[in-house]
Amino acid sequence: MGIGVIYFLVIIIANTLGAISGMGGGILIKPIFDGIGYDSISAISFYSAVAVFTMSVVSTYRKVKEESKFNVFLIVWSAMGAIIGGVGGKNMLDIMLGNYSSRVVLSTQIFITILTIIFALFYSFFNWKSWSLSGFYWYIICGLILGFFASFLGIGGGPINVTLLMIMFGMGIKDAAVYSIAIILFSQGSKILAVILNGDLIYFDLSMLFFIIPAAILGGLFGSILSHTFSDKYVENIFRGMLIVVIFINLANGIVLFN
C-alpha cells in the first residue's frame, strides 16, 4: 500500500510535467523508481510504459477534442516506425536482461539516457539549425529511433523525442511536444501489447496498476490543461528544467549502483 501511494504521487507529478514538455513522464518515473529500488528493471519498465501510455491517450484525446491541427501523415508514418522501434527496443532489453546482470543493464540505460539529455540540452541552448526534412521515409526513420530508445530505456518518451522532432522537421517546441506525445502513444502501446502477447504479465504485480493508471490519467489531464495555457518560452523552461533534474537523478543512481 505504501509503495503504491509513493508511485501514485511520483506519476502524477512526472506525467503532468511530461505532458507539458512532450517528453512523457517516464523520463522521471524510470530513474525515480530505480532509485527507490522496490521493483525489478523489467517491472519498472512495464509500470513506466503503462503510466506514459495512459497519459498519452488522455493528452492526445484532449488535443483532438480541442480540434488542434495535426500533420496526419507525420503521425501515421512516425507511429508505424515507433511501433516497430518499440518492439525492437523491448526485445533488445529482454536480450540484455537475459545475458547480463541487472547492474550492467541499468548502468547502460543510465549512460544512454544521460547522453540523450546532453544532446537535447545542447540543441536547446545553442539553437542548432533544423534540417526541415519532409517525406514519409523520414517520418518512419524518426519513429523507429524514438520508439526504440523509448522502449529500451524504459522512459516512454524522453528528451530525444522533442529534440529530434524539432531538429528534423523544424517544429516549435509546443508543436513538437504534441507530436511527441502522439508518437509515445503508439510506441508504448506496442510495448504493452508485446508484454501481453508474450505472457509476461505473470511476472508483475498487477495490483500496482490500481495506483498507476489513475495517477497517469490525472497527470495527463493536468499536463494537457497547463500546456494549453503556457507560452512556448515557459514550456521550453520546463523542458530544460526536467533535463537538468533527470541528469542529477541518473547520476545519483549511477553512484549508488557502483558503491
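Student: Which helix gives the largest share of the lining of the largest cavity?
Tutor: Good place to start, and keep in mind that this is a predicted model. Helices H3 (41-65), H8 (173-197) and H9 (209-229) are the elements that give two or more residues to that lining. With four residues, the largest share comes from H8.

Student: How much space lies in the largest cavity?
Tutor: A search of the whole structure turns up two cavities of 30 Å³ or more. The largest cavity is lined by residues including Phe70, Lys174, Ile181 and Ser227. The space in this cavity is about 90 Å³.

Student: Let's turn to the core. Which helix gives the most residues to the largest nonpolar core?
Tutor: In soluble globular proteins, nonpolar side chains tend to be buried together. Here the largest nonpolar core has 58 residues, and Leu165 and Phe169 are among those that touch the most other members. The helix that gives the most to this core, with eight residues, spans 159-169 and is H7.

Student: Which residues does Phe46 touch, leaving out those up to four places away in sequence?
Tutor: Phe46 is one of the core residues that touch the most other members. Once residues up to four places away in sequence are set aside, its contacts are Ile192, Val195, Leu201, Phe204, Leu206 and Leu209.

Student: Are Tyr7 and Phe33 stacked or edge-to-face?
Tutor: These two belong to distant parts of the chain, 26 residues apart, with Tyr7 in helix H1 and Phe33 in helix H2. Their ring centres are 3.7 Å apart, and the angle between the planes is 15°. An angle under 30 degrees counts, so the pair is stacked.

Student: Is Phe136 buried, partly exposed or exposed?
Tutor: Phe136 pairs edge-to-face with Tyr137, at 5.5 Å centre to centre and 75° between the planes. The relative accessible area of Phe136 is 44%. Buried needs a value under 20% and exposed one over 50%, so Phe136 is partly exposed.

Student: Which residues form one aromatic cluster with Tyr7 and Phe33?
Tutor: Tyr7 and Phe33 are both buried, and the whole structure holds 13 aromatic pairs. The other members of the cluster are Phe46, Tyr47 and Phe204.

Student: One last thing: over the face of which residue does Arg240 lie?
Tutor: Here we look at a charge and a ring. Arg240 is at 4.3 Å from the ring centre, and the ring belongs to Phe125.

Key:
Residues are numbered from 1 along each chain as its sequence is written. This is a predicted model: local features need pLDDT of at least 70, side-chain atom pairs count only at pLDDT 80 or more; totals for chains, interfaces and linings use all residues. Side-chain values use heavy atoms; hydrogens and water are left out. A nonpolar core is a set of buried Ala, Val, Leu, Ile, Met, Phe, Trp, Tyr and Cys residues joined through side-chain atoms within 4.5 Å. Buried means under 20% relative accessible area, exposed over 50%, partly exposed in between (1.4 Å probe, protein chains only). Contact means heavy atoms within 4.5 Å. Rings of Phe, Tyr and Trp (its six-membered ring) pair if their centres lie within 6.5 Å; planes under 30 degrees apart count as stacked, over 60 as edge-to-face and the rest as tilted. A charge sits over a ring if NZ of Lys or CZ of Arg is within 6 Å of the ring centre and within 35 degrees of the ring normal. On a 1 Å grid over the protein atoms alone, a cavity is a set of points where a 1.4 Å probe fits but cannot get out, and a pocket is an open set with protein on both sides within 12 Å along at least five of seven lines; lining residues have an atom within 4 Å of a point. Grid points are joined across faces, edges and corners, and a volume is the space filled by probe spheres set on the points.
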